[in-house]
Amino acid sequence: MKKEVEKILQYVQKPARYTGGELNSVVKDRDSVALRYAFCFPDTYEIGMSHLGMKILYSLVNERTDAWCERVFAPDVDMEEQMRKHGVPLFALESGDYIKDFDMIGFTLQYELCYTNVLNMLDLAGLPLLSRDREELTPVIAVGGPCTCNPEPITDFVDIIFIGEGEESTNEVLDLLKECKEKGASKREFLLRAKDINGIYIPSFYKDEYNDDGTMKSLTPTDGAPLPVKKSVIADMNTVYYPDKFVVPFIETVFDRATAEIFRGCIRGCRFCQAGFIYRPIREKSVETINRQSKALIESTGYDELSLCSLSTSDHSGVNNMLNSLLDWTVKEKINLSLPSLRVDNFSDELVEKLNKVRRSGLTFAPEAGTQRLRDVINKNVTEEEVITTCNKAFDNGWTAVKLYFMMGLPTETMEDIEGIANLGMEVVHAFGKNPNSKGKGVQVSISCASFIPKPHTPFQWEPEDSMESLKEKQEHLLKSIPSKKIKVSYHQTPTSLIEGVLARGDRRLNKVLLRAFELGCKYDAWDDKFDFEKWKQAFEDCGIDPFFYTRRKREFSELLPWDHLDFGVSRKFLERENIRAHENKTTPHCRIHCAGCGADKLNGGNCDARG
């Protein structure tokens, strides 16, 4: 650690965020590596250290003898104040070196409201924000993560964008960068070759044009850039790289446990869920692979909790065998097994029996909508009867707390659907009261309502976003509809939803808005206590951009969308069909019942585990 960094740590809360030196962190001889890679998470240490993707790519790069990957997190307000006051640029944790001197600086974009933090971190590093102002080959500024399914609002600031899964494309890009660096190639020469790597999008090689009504006219590739850009897909989850150790932090993080990824993709096809579409096709790990990797992580980290990571844990085709295999040793070693993302329609007696062997906590389910009509619209394929049956199974086995996730602002939603949320919550309370195991106990039903935001590459990508005024009315109506103190309600703030919605489906014209918002002082926009809606409104006004153009408009199928040049596997025709079925209140069976022909298997040589 540099002395100037060490001096300012006494003035900040949680200095362990900035010291490095944790168990399993990787320290190399800087003079013995050809490439230095700063992996940046644009939020606090506690959040970034909980992110599985960062753990995977950090270890992947450090497996190379010619490269050193170090971690960088957004400094909290107190630390940033000290850094700017004392002229300390943004630094990496492992070496304490300033990242402006690294060869590649990569950001993972998990959430649209982190974009201003990306700009703030580049500024703290002492680098020009706009890619056109960074003429040297290094550092290359790269981004990846789920938000790159529409990265257009941030394209002016980055050189290279990873589309899809990065385990293979990361090494290909680093190999190329190493070669170009050794040959003294220019930045342009590097980018011209990088554009041909599968899953790599070079935004400077595409030119945007707009119609008089503000809609997109064209996005034209130049310099031989591909159209479309296809995402990178890992073919075999059993052979793809997965770390056998994670960095163990000195302070508590949001998810302070070992994490075992069990499969990617989702069979369900919920029409609101971006992750369920952009991570297709479905690819599972075998029970043997999951068990082996889980044991290795527990042994190398010392954690006493193991979490199974997927979009829907109970949808693994071998879930019961998997749990038997894991419980064989986790129970003996007093390791808590955490099973997030359970579904009410496959919460079997056998699964309940296995859950009884792990440490008891509240159960969480996601009906998503309060009425069957609206659940059919969003293709949730869950009935009220299944919700109550599942809760009764839980109550039979001693659970007394249930959390239910819903959304507000869904397409075709009415106040009757909002009342349905309260009614379903009360049905759960009544079910507990009727349960013979409930005598002398109290139940707590927590209802959490997120504001629905239409996202790219989903059947609802053409739908208007509900207005802030309408969402507030619905929130107030829900509170009035709750008849019992046994039900607690929480919901999201609506102004943040507006900005998220604009950035989610925005085009390149929003780059200037993002820059202006940063200049006005916007950062940590995902945090309610730091989000400044007035500054964002001023940024839009200063740039002459109407935010409601991106949120309140229903788009026609014929409109060219800002992300249409990015191929995430699911065909546009399939998404159009699903949108039509939504407005007809028709459901589509999940992938293991019937293949709906989404097209995602073509990116994996025609393979999709959902058909197995």
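Which residues point one way from β3, and which the other way? M104, G106 and T108 share one direction, I105 and F107 take the other, and all are buried; here buried means under 20% relative accessible area, exposed over 50% and partly exposed in between, with a 1.4 Å probe and protein chains only.

A few ground rules help with the reading. This is a predicted model, where local features need pLDDT of at least 70, side-chain atom pairs count only at pLDDT 80 or more, and totals for chains, interfaces and linings use all residues. Residues are numbered from 1 along each chain as its sequence is written, and side-chain values use heavy atoms, with hydrogens and water left out. Helices (H or I, at least four residues) and strands (E, at least two) are DSSP runs, numbered from the N terminus. Two strands pair if DSSP finds at least two bridges between them.

**Around β3**

Strand β3 covers residues 104-108, and 5 of the 5 are buried, so the strand is largely enclosed by the rest of the structure. β3 has a parallel pairing with β1 (residues 35-41) over 4 bridges, and there Y37 stands opposite M104. A parallel pairing also links β3 to β4 (residues 140-144), over 5 bridges, with I141 of β4 as the bridge partner of I105. Helix α5 (residues 115-125) joins β3 and β4 in a right-handed β-α-β unit: with the strands pointing away from the viewer, the path from the first strand over the helix to the second runs clockwise.

**The sheet with β17**

Another region holds an open sheet of 4 strands with parallel pairing, in the order β15-β16-β17-β18. β15 (363-368) and β18 (487-491) are at the edges with a single partner strand each, so one side of each has no neighbour in the sheet. On average, neighbouring strands are turned by 20° against each other, direction ignored. β17 and β18 pair over 5 bridges in the parallel sense, and Y491 in β18 is the bridge partner of C449.

Helix α14 packs on this sheet, touching β15, β16 (401-408), β17 and β18, and its direction makes about 160° with that of β17. Contact means heavy atoms within 4.5 Å; axes are lines fitted to C-alpha atoms, for helices over the stretch in contact, and angles run from 0 to 180 degrees between N-to-C directions.

The parallel pairings, side by side:

| Strand pair | Bridges |
|---|---|
| β1 and β3 | 4 bridges |
| β3 and β4 | 5 bridges |
| β17 and β18 | 5 bridges |

**A loop residue**

P436 sits in the loop between α14 (415-434) and β17 (444-451). P436 is exposed, at a relative accessible area of 62%.
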